[in-house]
Structures are given as structure tokens and as C-alpha cells.
Amino acid sequence: MLKELRIQGTERDDHGGGPPKWVWTLVAVIVVLALLAGGGWWWWRQSQVPEVETANALSRGGAGGGNAVLQATGYVTARRSATVSTQITGTLTEVLFEEGDRIAKGQVLARLEDAALRASLAMAQANVKSAQANVVATQAQLAQAQADLKRQDELSASGMTTKQAAEQARTAVNAYTAQVEARRREADAAMAQAAQAQVQFDYTVVKAPFAGVITAKAAQVGEIVSPLSAGGGFTRTGVGTIVDMDSLEIDVDVNEAYIGQVKADMPAEAVLDAYPDWRIGAHVIAVVPSADRGKATVKVRVALEQKDARVVPDMGVRVSFLAPKQTGQVAPPPGVLVPKSAVVTRDGADVVFVVVGQNAAARKVKQGTPLGAQAVVLDGVKPGEPIVVNPPEDLKDGGQIRLVASGK
């Protein structure tokens with residue numbers, strides 16, 4: 001009876017053993033909601049940060065002490081570039097380069113399957129030896145005929161043989177002389193055929209026409225390569241592309257309304273989009289006498305005065321054309337050049353937003369006479385400082401910004 005009155009442990013009330021389980025559940029829910037709210041607020045703040053493009057303020061003085069009178073954009077190009085191919089159709093057995101490799105002039109780049117041409121060359125060389133042997137044999141016969149003629153002449157002079165025998169000996173000498181000449185011509189023809197076979201065999205080896213850098217690998221081992229387009233997509237027309245990095249220059253398109261300001265040998269300054277703080281001395285090579293009616297531009301070739309491994313083909317570049325320094329001028333004119341779209345009006349004043357870290361600092365500026373597509377800022381901005389192009393209307397002083405690549 002006493003055992004039946006005992007209370008089991010699972011049936012006892014919990015007194016003083018800590019908060020109920022629902023309290024911990026509520027706390028966990030509140031923490032999760034707080035984290036979600038924080039993440040949503042952070043995402044909302046990021047979505048409110050405007051994305052802006054930037055450009056560097058350019059000094060009005062440049063290479064050679066000249067003033068920037070015009071700016072244009074273009075690309076780095078190579079004047080010496082070649083897609084190397086084979087001169088005969090064949091199957092690649094070796095490709096001895098990769099993209100980025102530096103190649104010397106005459107270096108072997110690839111080889112074709114050459115068994116058939118090797119056999120043809122061997123046969124042609126054997127024919128040469130056979131023809132040369134025939135020449136030697138005929139020359140021996142000629143020598144014998146000449147000796148017989150000499151004896152017949154001596155016998156004929158002494159009356160010990162007939163004149164007919166002497167004439168026959170002379171005829172034999174003439175015949176063998178003609179045969180020797182014919183055998184020599186046959187030997188020359190055999191050597192020409194051997195030379196032709198050697199040329200065809202040499203075509204199985206692809207060599208670099210000039211020193212440079214491999215920028216593209218167009219074929220792999222086992223593929224068929226042909227100098228002509230044949231076989232649809234199964235035949236390659238090139239093995240690889242070589243660029244002579246010493247031939248790099250800049251091609252820019254200048255608006256035809258300003259092309260009169262650009263002259264040959266005019267000093268210039270180039271700034272690569274990839275390296276906006278690096279200024280490269282340059283000069284105008286030539287103004288190409290042809291206009292693009294669709295874009296109303298004229299192409300200008302600009303030479304780089306500094307060779308550097310960082311400069312590669314097809315890079316975007318901005319070129320400032322500089323006026324020659326005037327006699328007696330000791331300092332460049334004041335101010336910097338910025339895109340016109342970088343200067344905006346805020347509260348009745350001209351303002352330029354300068355990038356400071358992840359924020360934009362508004363600076364009041366004073367403008368001078370613009371130069372082409374560039375505004376001249378006389379104060380408030382230093383050369384080389386990054387500025388915001390086309391700043392949003394709601395951008396304020398100290399506002400946070402996100403930088404995007406130029407041209408996005």
C-alpha cells in the first residue's frame with residue numbers, strides 16, 4: 001500500500017528548475033528576427049549607395065611642357081601582327097608554344113605529319129645520285145672514245161687503217177659528248193626535283209616570321225591545318241597569332257570638328273584605362289587622310305615613347321594632344337582638365353565631387369574657358385585626383401559611393 005502512494009519522478013511538478021522551454025524558443029525567434037532585420041537594413045543601405053564612374057583630373061601641362069588642347073579615346077594596336085599558318089595542308093603532330101610565350105625569329109612553332117613528303121624527298125635525292133652516276137659512266141665512255149679516236153688518227157696518218165675507221169671513231173666521240181651533256185641536264189633536272197621536294201618537306205615545319213609574343217593558340221595536335229579555307233569547321237587556317245610588342249602604338253578617333261588642331265609630330269600624353277595614374281609620353285605619327293562618315297571622326301596614329309610590358313594590344317587609352325611650349329613660358333597654365341559632365345551645379349555654385357575612399361567630397365570650383373570636351377577647373381581640384389563623372393542629383397557632400405569601371 002505504501003508503494004502505491006509514492007509519487008513517481010516524471011509526475012512531480014517542476015519548481016525552481018529554470019525558465020520554461022517556451023521562453024528560450026521566444027528568445028531564439030527574437031534573435032533570428034533581429035538578424036534578418038539587420039541584414040535587410042544593410043542590404044537596403046547598400047542599394048541606396050549610388051554607383052558612379054570616375055576619371056582623373058589632368059594637368060594642363062604635359063610631356064614636353066605643352067598644354068592639352070584636345071583629348072580623344074582609342075585603343076592600343078600592333079602594327080606588326082601575324083596569324084601564322086602552314087603553306088601546305090597537313091595534320092599537326094607538334095605544337096611547341098602556348099599563349100604568352102616569347103618567340104624568337106625563326107623559332108619552330110609547330111610540325112606537320114611528314115612521312116609522305118620525307119619519302120618523296122628520299123626518292124628525289126636517290127634520283128639525283130642515279131643521274132650523277134650516269135654522267136660519270138657516260139664521261140668514262142667518252143674518254144674511251146677519245147682514246148680510240150687518237151689511235152685511229154695515228155694509224156690513219158701512217159696508212160695502216162682506213163679513213164672510214166677514223167671517221168667512225170670521231171663520230172663515237174661526238175655521240176658520247178652529246179650523251180654526257182644530256183646526262184648532265186638530266187642530273188640538273190633531278191637536283192631541281194630534289195630541291196622542290198626539300199622545299200615541300202620544309203613546309204612541314206612552321207617557323208616564326210619575326211620575334212614577338214604569342215597572343216592566341218589556334219590549333220591543337222591532331223587537327224588538319226591548311227593555308228586555304230577547306231573542309232568546313234574541320235580544317236584550321238592558322239596555328240597561332242604573334243604580336244611584335246615593339247610595334248605597339250595607339251589608334252584614336254578624333255572628332256572631325258577638331259581634327260584641324262592635330263598635326264604630325266605633335267606631342268601628346270597617353271593614359272591607359274587600366275593604369276589611370278600612369279602617364280606615358282607620346283607623339284602623333286600621322287593623321288590618316290580618311291574620315292568615318294558614320295561616326296564623323298578621323299583616325300590618328302599616336303606613337304608611345306615608352307615601351308613597357310604592361311601595355312598590351314586592345315587596351316583602352318585616353319590621349320591628350322599637347323600644344324608646343326611657348327618661348328619664355330616657365331610654368332604650365334593654372335588649372336586641371338576634367339570631363340564637362342563632372343562639373344554640376346549645387347546651390348547655385350559649380351561643384352566637382354572628388355573621390356575620397358568610399359565617399360564623395362563636394363568642392364566648389366571656378367571654371368575657365370573649356371577645351372573641346374574638357375572643362376577647365378582653375379581651383380579646387382589637383383591633378384591626378386579621381387573625380388565623379390555624371391554625379392547623381394541626390395549625391396551630397398560626404399555621401400557614400402560605389403565605384404564602377406569606366407564605360408560600364
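Which residues is Arg301 in contact with, leaving aside its neighbours within four places in sequence? The close-up views described below come from a predicted model, and the first of them takes up this question.

**View 1. Arg301 and its surroundings in strand 16.** Arg301 belongs to strand 16, which covers residues 297-304. Once its neighbours within four places in sequence are set aside, Arg301 is in contact with Arg79, with Glu249, Ile250 and Asp251, with His283, Val284, Ile285 and Ala286, and with Val288. With one of these residues, Glu249, the side chain of Arg301 makes a polar contact, side chain to side chain, at 2.8 Å.

**View 2. An open sheet of five strands.** The strands of this sheet follow one another in the order 8-7-5-10-11, and their pairing is mixed. Strand 8 (205-207) and strand 11 (235-236) are the edge strands, and each has a single partner strand, so that one side of each is left without a neighbour in the sheet. Strands of a sheet pair through backbone hydrogen bonds, either parallel or antiparallel. Within this sheet, strand 5 (residues 90-95) and strand 10 (residues 224-225) are paired in the antiparallel sense, over two bridges. Seen residue by residue, Thr91 has Ile224 of strand 10 as its bridge partner.

**View 3. An open sheet of four strands.** Here the order of the strands is 2-18-23-22, and the pairing is antiparallel. The edges are formed by strand 2 (58-59) and strand 22 (366-367), each of which pairs on one side only. Between strand 2 and strand 18 there are two bridges, and these strands run antiparallel; Ser59 stands opposite Val336 of strand 18. At the other edge, strand 22 pairs with strand 23 (residues 374-379), again in the antiparallel sense and over two bridges, and Gln367 has Val377 of strand 23 as its bridge partner.

**View 4. Strand 18 and its two covered faces.** In a regular strand the side chains alternate between the two faces of the sheet. For strand 18 (residues 336-339), both faces are covered: Val336 and Val338 lie on one side, Leu337 and Pro339 lie on the other, and all of these residues are buried. Strand 18 is also joined to strand 23 by four bridges, with the two strands running antiparallel, and in this pairing Leu337 stands opposite Val376 of strand 23. Val336, one of the buried residues of strand 18, is the residue that Ser59 stands opposite.

Notes: Residues numbered from 1 in each chain as written. Predicted model: local features only at pLDDT ≥ 70, side-chain atom pairs only at ≥ 80, totals over all residues. Heavy atoms only, no water. Pairing = 2+ DSSP bridges. Polar contact = N/O pair within 3.5 Å; in protein donor to acceptor, adjacent residues only side chain to side chain. Contact = heavy atoms within 4.5 Å. Buried < 20%, exposed > 50% of the residue type's maximum accessible area, 1.4 Å probe, protein only.
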